[in-house]
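Q: Please take a close look at one helix of this model and explain how it fits into its surroundings. A connected account, with each term explained along the way, would be most helpful.

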Amino acid sequence: MRRLEWLASDVNRLVENGKGPERVDQAGGYVRPRRAGVSGSPTHIERSGEEQHFMAKVIVALTMSLDGFIAGRSDAEHPDGEGEGVRRIFDWYFDGDTPIRPYQEAERRGVPVPPFKLAAASAKVFEELVDSGGAVVTGRRTYDISGAWGGNGPLPGLPLFVVTHRVPDQVPQGESRYTFVTDGIESAVKQAKAAAGDRWVSLMGSSVPQQCLQAGLVDEIQIHLVPVLLGTGIRLFDHLGPDGIDLELLRVVEAPGVTHLRYRVVR
Ligand SMILES: NC(=O)c1ccc[n+]([C@@H]2O[C@H](COP(=O)([O-])OP(=O)(O)OC[C@H]3O[C@@H](n4cnc5c(N)ncnc54)[C@H](OP(=O)(O)O)[C@@H]3O)[C@@H](O)[C@H]2O)c1
């Protein structure tokens with residue numbers, strides 16, 4: 001029930017009337033009110049009698065350099081996923097003093113997790129993402145580079161869907177249920193949405209977000225924008241087709257070493 005209330009209040013905040021974003025301090029960020037008459041909503045709500053049905057929102061939430069890369073050129077040379085570009089753009093995860101509760105809880109259960117310590121403003125954004133997560137869809141490279149997250153997924157306990165042409169013979173056992181999807185991206189997202197219920201489906205890597213953007217499956221993009229120019233690497237917004245995609249700015253949160261941007265995909 002708390003989840004439903006949270007989503008409802010989020011939608012309500014977005015439909016308040018107003019004149020656009022205002023700059024606020026690092027702890028709060030700002031929310032741009034949605035324009036009257038704009039169709040769709042970050043969370044699609046269907047009413048049936050007295051019941052409200054919340055469908056999973058599909059989001060791309062990734063860390064990106066100012067020139068558009070989500071990893072440096074040498075990612076595949078580092079089996080621990082610590083390619084040089086990745087290390088430079090992920091500093092903000094470790095530059096503060098605020099831990100992320102669900103990861104702390106996982107650590108207490110004995111699950112090996114990254115030692116996240118974020119600045120307070122970033123922790124608020126990241127914890128919102130983690131708390132809202134219902135399932136993850138990733139490509140096979142991210143799965144391999146991360147060492148399959150030891151069976152625990154990017155967030156321990158969350159179901160993970162891996163699109164691939166090569167189902168692995170062996171999968172490490174951990175807290176997350178892994179599903180290998182060989183019949184296409186739409187099938188992966190459909191299965192992930194079913195698993196996520198009223199929570200968010202998060203897309204990882206570059207190829208999966210690109211395919212989903214092309215297929216019109218993405219509801220929201222959250223970019224953790226890092227002030228570095230990598231110059232080369234794996235670009236997030238490639239291969240999107242000739243027509244372009246319109247976005248509406250929902251929120252900007254400034255934090256040390258990173259700016260958190262949140263957009264709705266306009267359909
Ligand atoms: N900055 C961030 O926040 C962030 C977050 C996550 C990952 N990353 C980075 O993203 C990079 C990986 O992204 P990527 O785009 O190169 O690779 P990816 O999306 O992780 O994996 C691509 C692979 O997935 C499989 N695949 C993709 N779509 C498929 C489909 N529709 N059907 C069947 N199989 C499909 C194919 O592998 P097979 O044909 O071999 O099965 C394909 O080669 C890594 O460098 C990682 O570190 C960055």
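A: Helix α4 comprises 13 residues, which at 1.5 Å a residue should span 18 Å, and its end C-alpha atoms are indeed 18 Å apart, so the two values agree. The expected span is 1.5 Å times one less than the number of residues in the helix. Helices here are DSSP runs of H or I with at least four residues, strands are runs of E with at least two, and both are numbered from the N terminus. The model is a predicted one, in which local features need a pLDDT of at least 70 and side-chain atom pairs count only at pLDDT 80 or more, whereas totals for chains, interfaces and linings use all residues. Residue numbers start from 1 along each chain as its sequence is written.

The buried residues of α4 are Ala121, Ser122, Ala123, Val125, Phe126 and Ser132. A residue is called buried if 20 or more other C-beta atoms lie within 10 Å of its own, exposed if 12 or fewer do, and partly exposed in between, with C-beta atoms placed from the backbone. The cover over these residues of α4 includes β6, β9, β12 (247–255) and β13 (258–265). Such packing is expressed through contacts, that is, pairs of residues whose C-beta atoms, placed from the backbone, lie within 7 Å.

The loop between α3 (101–108) and α4 (120–132) contains Lys117. Lys117 is partly exposed, because 14 other C-beta atoms lie within 10 Å. Leaving aside residues up to four places away in sequence, Lys117 touches Phe94, Gly96, Asp97, Thr98 and Pro99. The C-alpha atoms of Lys117 and Ile100 are separated by 7.2 Å, although the two residues are 17 apart along the chain.

One of the strands that cover α4 is β6. Strand β6 pairs with β7 in the parallel sense over four bridges, pairing being accepted if DSSP finds at least two bridges between two strands. Within this pair, Val137 stands opposite Phe161 in β7. Both faces of β7 are covered: Leu160 and Val162 are buried on one side, and Phe161 and Val163 on the other. In a regular strand the side chains alternate between the two faces of the sheet.

Strands β6 and β9 also link this region to α7. The buried residues of α7 pack against β4, β6, β7 (160–163), α6 (185–196) and β9 (200–203). Six of the eight residues of α7 are buried, namely Val208, Pro209, Gln210, Gln211, Cys212 and Leu213. Not counting residues up to four places away in sequence, Cys212 touches Val58, Ile185, Val189, Leu203, Leu217 and Val218.

Cys212 and Val137 belong to the largest nonpolar core, where, of 58 residues, they touch the most other members together with Val58, Val189 and Val201. A nonpolar core is a set of buried Ala, Val, Leu, Ile, Met, Phe, Trp, Tyr and Cys residues joined through C-beta atoms within 7 Å. In soluble globular proteins, nonpolar side chains tend to be buried together.

As for the chain around α4, there are seven helices and 13 strands. Of the 267 residues of the chain, 36% count as buried. Among contacts with a separation of 6 or more, 65% join residues 24 or more positions apart.

Technical notes
Two residues are in contact if their C-beta atoms, placed from the backbone, lie within 7 Å.
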